[in-house]
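Student: I'd like to learn how to read a structure like a structural biologist would. Can we go through one together?

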Amino acid sequence: MTGKIGTVIAAHGRHYLVQVDDIRLQCVTRGKKSDVAVGDIVRIKETSPNQGVIESIGERKTLLYRSDQYKSKLLAANVTQLFIVVATEPGFSDDLVSRALIAAEAAGIAAHIVLNKTDVAELLPKARERVALYASLGYPVHEVSARSAPDAACDTLLPLMRSQSSILIGQSGMGKSSLINLLVPDADIATREISAALDSGKHTTTFTRLYAIGRDTAIIDSPGFQEFGLYHLSEGMLERAFREFGQHLGHCRFYNCHHLTEPGCAVLAAVDANAIAPMRHALYQQLLHESSQKIGY
Ligand SMILES: Nc1nc2c(ncn2[C@@H]2O[C@H](COP(=O)(O)OP(=O)(O)OP(=O)(O)O)[C@@H](O)[C@H]2O)c(=O)[nH]1
Ligand SMILES: [Zn+2]
């Protein structure tokens, strides 16, 4: 076998930065292919010093992605867990949190919620009340304050991340960058180096990047986003990705129940009995609608 094996640590358009041992190579794919994700293990062919072509992508353990009507957008490969960062302020979107949780479930990735800015005491009770829904579904919720208790934040999060590949996602302003800077020493320097290599010095647009800590720990920072389309999930995947539906599946009157308006639907009965949050069922309905709208792929 020829070529070197490396890890994709950043992706920007169709340009990739691949870490091979101690060196980083700027790589492109052959032709128009752009199906490489941060976290991918790739075989590359060096074309000149510090430059290469991605020849092949290693088998992925997991693949986290979003999608719209027309195509999918890879977020990261080989991730083992997802941390969704929310905060007491500014307000966060339950829709985005749930969509991220559904994406994680569908990809077989463990999901955690990080509630940051617990120092904003007057807004803490309300934020706790909101994340309690996710805790009740079995997702671990970790309270931290990147600003007022940075050491405690590291003590809470770092042990969970050891020997794992973790991606942090969050809406803008939740404090994700602040947390990354605590968790990854020299993250700022690494980011500057990565953007210089990928962006040839232009003003940095945001992109996903992977920080390796030691040999077997990776922390991936992804840009904030406002949308999290899940058009790629089939009906069967969707009903399984809503954890709280699980115990009710198979108990509907019709074996092919869509859990929308059918009589004798066990899922709808659970919504009526407040065992399933109406907000989550509304999202299921919306996602089912999205999955019926997909055009491309
Ligand atoms: N009160 C308080 N403010 C915090 C805390 N963590 C971060 N912040 C502030 O929240 C603001 C947003 O923090 P960032 O780390 O830039 O947030 P981000 O989620 O990366 O946001 P983008 O960079 O917009 O994607 C900054 O002004 C931080 O100083 C915290 O624990 N408590
Ligand atoms: Zn049903």
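Tutor: Sure. Let's start with helix length: the expected span of a helix is 1.5 Å times one less than its number of residues. Keep in mind that this is a predicted model.

Student: What span does helix α2 reach from its first C-alpha to its last?

Tutor: Helix α2, residues 124-136, has 13 residues and reaches 18 Å, close to the 18 Å expected. Still, α2 bends by about 30° at arginine 130. Just after the helix comes glycine 138, with a positive phi near 100°.

Student: Which residues of α2 are buried?

Tutor: For burial, count neighbours: a residue is buried if 20 or more other C-beta atoms lie within 10 Å of its own, and exposed if 12 or fewer do. In α2 the buried residues are Ala127, Val131 and Tyr134. They pack against β8 (81-87), α1 (94-107), β9 (110-116) and β10 (141-143).

Student: Let's try another helix. What does α8 reach from its first C-alpha to its last?

Tutor: Helix α8 covers residues 278-292. With 15 residues, α8 reaches 21 Å, close to the 21 Å expected. Its buried residues are Arg280, Leu283, Tyr284 and Leu287. Seen down the axis of α8, those buried residues fall within an arc of 105°, so they line one face of the helix.

Student: What do the buried residues of α8 pack against, and which exposed residues sit on the face turned away from them?

Tutor: The buried residues pack against α1 and α6 (235-241). The face turned away carries the exposed residues Pro278, His289 and Ser292.

Student: Methionine 279 is in α8 too. Is methionine 279 buried or exposed?

Tutor: Run the count: methionine 279 has 12 other C-beta atoms within 10 Å, so it is exposed. You can also compare sequence and space: methionine 279 and valine 85 are 194 residues apart in sequence and 20 Å apart in space, C-alpha to C-alpha.

Student: Now the backbone. What should I look for there?

Tutor: Look for exceptions, because most residues other than glycine have a negative phi, and most peptide bonds are trans. Here, asparagine 50 has a positive phi, near 65°. Asparagine 50 lies in the loop between β4 (41-48) and β5 (51-57). Asparagine 274 also has a phi near 65°, and its place is the loop between α7 (266-272) and α8.

Student: Are those asparagines buried or exposed?

Tutor: Asparagine 50 has 12 C-beta neighbours inside 10 Å, so it counts as exposed. Asparagine 274 has 8 other C-beta atoms within 10 Å, and therefore is exposed as well.

Student: Which residues does the cis peptide bond join?

Tutor: The cis bond joins glutamate 89 and proline 90, with omega about -10°. Proline 90 is in the loop between β8 and α1.

Student: And how do I read the surroundings of a ligand?

Tutor: List the residues around the ligand, then sort them by character. Ligand 1 has 16 residues around it, and Arg147, Ser172, Gly175, Ser177 and Ser178 come nearest. The shell divides into three nonpolar, nine polar and four charged residues.

Student: Which helix gives the most to that shell?

Tutor: Helix α4, residues 176-183, gives the most, with three residues. The buried residues of α4 are Lys176, Leu179, Ile180 and Leu183. Seen down the axis of α4, they fall within an arc of 100°, so they line one face of the helix.

Methods: Residues are numbered from 1 along each chain as its sequence is written. Chains are lettered from A and ligands numbered from 1 in the order in which they are written. This is a predicted model: local features need pLDDT of at least 70, side-chain atom pairs count only at pLDDT 80 or more; totals for chains, interfaces and linings use all residues. A residue is near a molecule or strand if its C-beta atom, placed from the backbone, lies within 6 Å of it. Helices (H or I, at least four residues) and strands (E, at least two) are DSSP runs, numbered from the N terminus. Ala, Val, Leu, Ile, Met, Phe, Trp, Tyr, Cys and Pro count as nonpolar, Asp, Glu, Lys and Arg as charged, and the others, Gly among them, as polar. The arc is that of the directions from the helix axis to the C-beta atoms. The bend at a residue is the angle between axes fitted to the seven residues ending there and the seven starting there. Two residues are in contact if their C-beta atoms, placed from the backbone, lie within 7 Å.
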